[in-house]
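The following exercises ask the reader to work through a protein structure step by step. Each task is followed by its worked solution.

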Amino acid sequence: MATLVAPRNHFPQEDAEALWKAVKGWGTDEKTIIKILGHRNASQRQQIRLVFQDIHLEDLVKRLESELSGDFERAVYRWTLEPSKRYAVLANVAIKNANKDYHVMVEIVCVRRAYHNRYKHSLEDVAAHTTDHVRQLWVGLVSSFRYGGDEINARLAKSEANILHEAIKDKESTRSKTQLVATFNSFKDENNISISKKLLEETSDDFYKAVNVAIHCINDHKKYYEKVLRNAIKGVGNNEDGQTRVFVTRAEKDLKDIKELYYKKNSVHLEDTMAKENSGYYKKFLLTLLGKGG
């Protein structure tokens with residue numbers, strides 16, 4: 001479930017005017033920006049952006065980018081973008097990261113068209129930034145057709161579990177999400193070990209790390225995002241970029257479920273941890289997306 005609860009009766013012109021007042025002249029009214037944008041869904045935010053452009057002949061996103069700074073600016077900027085373009089931005093950031101954020105790259109494979117429109121390159125071009133086997137995995141994830149239904153072929157799952165056992169060594173494999181989950185389960189039944197643990201036994205190179213991320217995303221994306229949050233918070237210096245990515249991409253989808261998983265895993269409420277580890281308007285904005293803001 002989502003943590004964001006947007007108003008049913010929405011008046012985009014009123015919001016656009018309030019945001020204009022918040023950013024014009026000397027100083028910026030961050031509280032108003034959080035109060036409005038932190039309580040509007042994607043459709044409403046795009047309506048506000050269109051009205052803002054029509055009235056003031058200026059792009060709201062660019063104005064916010066120039067008025068705000070730091071983690072707060074990045075969070076508001078990414079939140080205000082329409083979802084597909086947001087993922088394109090996240091993909092571009094991951095590609096430019098010196099440490100190569102494969103986990104982020106796996107998350108955004110479904111938005112290759114938005115990425116191409118924004119950066120004039122396809123996500124297949126990302127392969128040039130990766131090692132040989134990671135390149136094969138990435139191109140496969142981006143370009144392969146995947147059936148999105150719930151039907152599975154049990155015989156195929158069992159057969160591919162055996163093939164996958166060998167493929168781990170040879171660094172190959174493709175299938176639909178539902179079929180892959182069945183294959184992963186069959187792999188565990190046949191080999192008495194989960195495929196992710198088997199991967200950990202093999203090596204720690206980039207290919208296996210990338211495959212491991214893909215497996216966790218496919219098996220249970222909510223658990224995956226809970227772990228992203230946990231690692232981001234526990235990381236040295238606190239990884240705000242990881243926190244921001246989870247909050248802005250999941251607040252309208254399943255952040256409430258992720259929050260509950262976080263409590264079960266860590267015996268502490270996510271909002272308490274976020275309040276402790278972050279500060280300023282960035283903290284206020286994230287808490288608002290979590291449903292704990294004013």
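The model shown is predicted.

**Exercise 1. Helix 13**

Determine which residues of helix 13 are buried, and compare the span of this helix with the expected value.

Solution. The buried residues of helix 13 are Phe207, Tyr208, Ala210, Val211, Asn212, Val213, Ala214, Ile215, Cys217 and Ile218. This amounts to 10 of its 14 residues, and the helix is thus mostly covered. Next, consider the span: helix 13 comprises residues 206-219 and reaches 20 Å from its first C-alpha to its last. That value is close to the 20 Å expected at 1.5 Å a residue.

**Exercise 2. The chain as a whole**

State how many helices and strands the chain has, what percentage of its residues count as buried, and what area it exposes.

Solution. The chain has 18 helices and 0 strands. Among its 294 residues, 49% count as buried. The exposed area of the chain is about 15,400 Å², and carbon and sulfur atoms supply 48% of it.

**Exercise 3. Two helix pairs**

Describe how helix 5 packs with helix 6 and how helix 17 packs with helix 18, and classify each pair by its angle.

Solution. Two packed helices are described by the angle between their axes and by the distance between those axes.

Step 1. Helix 5 (residues 70-80) and helix 6 (residues 83-96) pack with their axes 8 Å apart, at an angle of about 135 degrees. An angle over 145 degrees would count as roughly antiparallel, and one of 65 to 115 degrees as roughly perpendicular. Helix 5 and helix 6 are therefore oblique to each other.

Step 2. On the side of helix 5, the residues in contact are Tyr77, Arg78 and Trp79; they meet Arg86, Val89, Leu90 and Val93 in helix 6. Sorted by class, this contact of helix 5 with helix 6 has 5 nonpolar, no polar and 2 charged residues.

Step 3. For helix 17 (residues 270-277) and helix 18 (residues 280-289), the angle is about 170 degrees and the axes are 9 Å apart. Helix 17 is therefore roughly antiparallel to helix 18. Helix 17 contributes Glu271, Met274 and Ala275 to the contact, while helix 18 contributes Lys283, Leu286 and Leu287. These residues of the contact of helix 17 with helix 18 divide into 4 nonpolar, no polar and 2 charged.

**Exercise 4. Val246 and its surroundings**

Is Val246 buried or exposed, and which residues does Val246 touch, not counting those up to four places away in sequence?

Solution. Begin with the location: Val246 is found in helix 15 (residues 240-250). Val246 counts as buried because its relative accessibility is 0%, and the cut-off for buried is under 20%. Not counting residues up to four places away in sequence, Val246 touches Tyr225, Val228, Leu229, Ala251 and Leu255. One of these, Val228, is 18 residues apart from Val246 in sequence, and the C-alpha to C-alpha separation of the pair is 7.7 Å.

**Exercise 5. Positive phi angles**

Give the phi of Leu57 and of Ser267, and decide whether Leu57 and Ser267 count as buried or exposed.

Solution. Leu57 is not a glycine, yet it has a positive phi of about 55 degrees. Leu57 lies in the loop between helix 3 (42-56) and helix 4 (60-67). With a relative accessibility of 70%, Leu57 counts as exposed. For Ser267, phi is near 60 degrees, a positive value in a residue other than glycine. Ser267 is found in the loop between helix 16 (255-266) and helix 17. Ser267 counts as exposed because its relative accessibility is 62%, and the cut-off for exposed is over 50%.

**Exercise 6. Partly exposed residues**

Locate Glu82 and Gly291, and state the relative accessibility of Glu82 and the relative accessible area of Gly291.

Solution. Glu82 lies in the loop between helix 5 and helix 6 and, at 29% relative accessibility, counts as partly exposed. The C-alpha atoms of Glu82 and Asn41 are separated by 9.9 Å, with the two positions 41 residues apart along the chain counted as their separation. Gly291 is placed in the segment after helix 18. Its relative accessible area of 44% makes Gly291 partly exposed. Gly291 and Ala251 are 40 residues apart in sequence, and 8.8 Å apart in space, C-alpha to C-alpha.

Definitions and conventions:
Residues numbered from 1 in each chain as written. Predicted model: local features only at pLDDT ≥ 70, side-chain atom pairs only at ≥ 80, totals over all residues. Heavy atoms only, no water. Axes fitted to C-alpha atoms, helices over the stretch in contact; angles between N-to-C directions. Helix = DSSP H or I, 4+ residues; strand = E, 2+ residues; numbered from the N terminus. Parallel < 35°, antiparallel > 145°, perpendicular 65-115°, else oblique. Contact = heavy atoms within 4.5 Å. Nonpolar A, V, L, I, M, F, W, Y, C, P; charged D, E, K, R; others polar. Buried < 20%, exposed > 50% of the residue type's maximum accessible area, 1.4 Å probe, protein only. Areas by Shrake-Rupley, 256 points an atom, 1.4 Å probe, with all protein chains shown as cover. Expected span 1.5 Å × (residues − 1).
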